[in-house]
Each structure stands twice: as C-alpha cells, then as structure tokens.
Amino acid sequence: MIKNNLSKILGERCISVAQLARMTGLNAQGLRNLRNKASTQIEFATIDKICKALGISVGELFEYIED
C-alpha cells in the first residue's frame with residue numbers, strides 16, 4: 001500500500017491547500033482530493049510540483065507500507 005503524507009506535511013507546516021495551489025499552480029480541488037486521499041491516480045508532473053514547492057522528496061510525500 002502507498003501512504004500519502006500530504007495532509008500531515010501541510011499540517012506540520014501550517015500550509016493550506018489554497019496556499020499550496022498558489023505555490024504550485026495546481027488546481028485546489030485536485031489538491032484537496034489528494035490531501036483527503038480521494039485520488040486514485042496522480043501525474044508525475046503534479047508530484048514534481050508539490051515536491052518542489054514544499055522542498056521535499058517523493059519518499060517524504062509517499063511511503064510504501066506492506067499490507
């Protein structure tokens with residue numbers, strides 16, 4: 001299982017989805033879906049923009065957990 005840490009990271013940094021949308025140029029609703037774990041797929045370009053804006057690695061944004 002892939003665990004999405006976006007909600008945790010945003011909470012720790014006190015960054016809202018609206019702020020992240022402005023930082024990345026991404027759609028706020030799409031980011032809300034990702035934060036709320038409602039997304040079933042994500043484009044590499046989206047991952048890249050999020051990681052650049054937050055100064056994190058892909059391994060910090062997502063982690064693999066065995067079922």
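Visitor: Why does Arg32 count as partly exposed?

Guide: In this predicted model, Arg32 has 30% relative accessibility. Buried means under 20%, and exposed means over 50%. The value 30% lies in between, so Arg32 counts as partly exposed.

Visitor: Where is Arg32 found?

Guide: Arg32 is found in helix 3. Its C-alpha atom is separated by 9.7 Å from that of Leu6, and the two residues are 26 apart along the chain.

Visitor: What makes helix 2 oblique to helix 3?

Guide: Take the angle. The axes of helix 2, residues 17-24, and helix 3, residues 28-35, cross at roughly 120°. Roughly perpendicular runs from 65 to 115 degrees, and roughly antiparallel needs over 145. An angle of 120° fits neither, so helix 2 is oblique to helix 3.

Visitor: Which way does helix 2 pass helix 3, left-handed or right-handed?

Guide: The crossing is right-handed. The axes come within 9 Å.

Visitor: Which residues make the contact?

Guide: Helix 2 brings Val17, Leu20, Ala21 and Thr24. Helix 3 brings Ala28, Leu31, Arg32 and Arg35. By class, that contact has five nonpolar, one polar and two charged residues.

Visitor: Which residues of helix 2 are buried?

Guide: Val17, Leu20, Ala21 and Thr24 are buried. Each is therefore under 20% relative accessible area.

Visitor: How do you know that the buried residues of helix 2 line one face?

Guide: Look down the axis of helix 2. Its buried residues fall within an arc of 105°, so they line one face of the helix. Their cover includes helix 1, helix 3 and helix 4. Just after helix 2, Gly25 takes a positive phi of about 80°.

Visitor: Which residues are buried in helix 1?

Guide: In helix 1, residues 6-13, the buried ones are Leu6, Ile9 and Leu10.

Visitor: Why are the buried residues of helix 1 said to line one face?

Guide: Seen down the axis of helix 1, they fall within an arc of 95°, so they line one face of the helix. They pack against strand 1, helix 2, helix 3, helix 4 and helix 5.

Visitor: What lies on the other side of helix 1, and is it buried or exposed?

Guide: Lys8 and Glu12 lie there, and both are exposed. Each therefore has over 50% relative accessible area.

Visitor: What happens just after helix 1?

Guide: Cys14 takes a positive phi of about 55° there.

Notes. Residues numbered from 1 in each chain as written. Predicted model: local features only at pLDDT ≥ 70, side-chain atom pairs only at ≥ 80, totals over all residues. Heavy atoms only, no water. Axes fitted to C-alpha atoms, helices over the stretch in contact; angles between N-to-C directions. Helix = DSSP H or I, 4+ residues; strand = E, 2+ residues; numbered from the N terminus. Parallel < 35°, antiparallel > 145°, perpendicular 65-115°, else oblique. Left-handed = near helix turned anticlockwise from the far one by under 90°. Contact = heavy atoms within 4.5 Å. Nonpolar A, V, L, I, M, F, W, Y, C, P; charged D, E, K, R; others polar. Buried < 20%, exposed > 50% of the residue type's maximum accessible area, 1.4 Å probe, protein only. Arc of directions from axis to C-beta.
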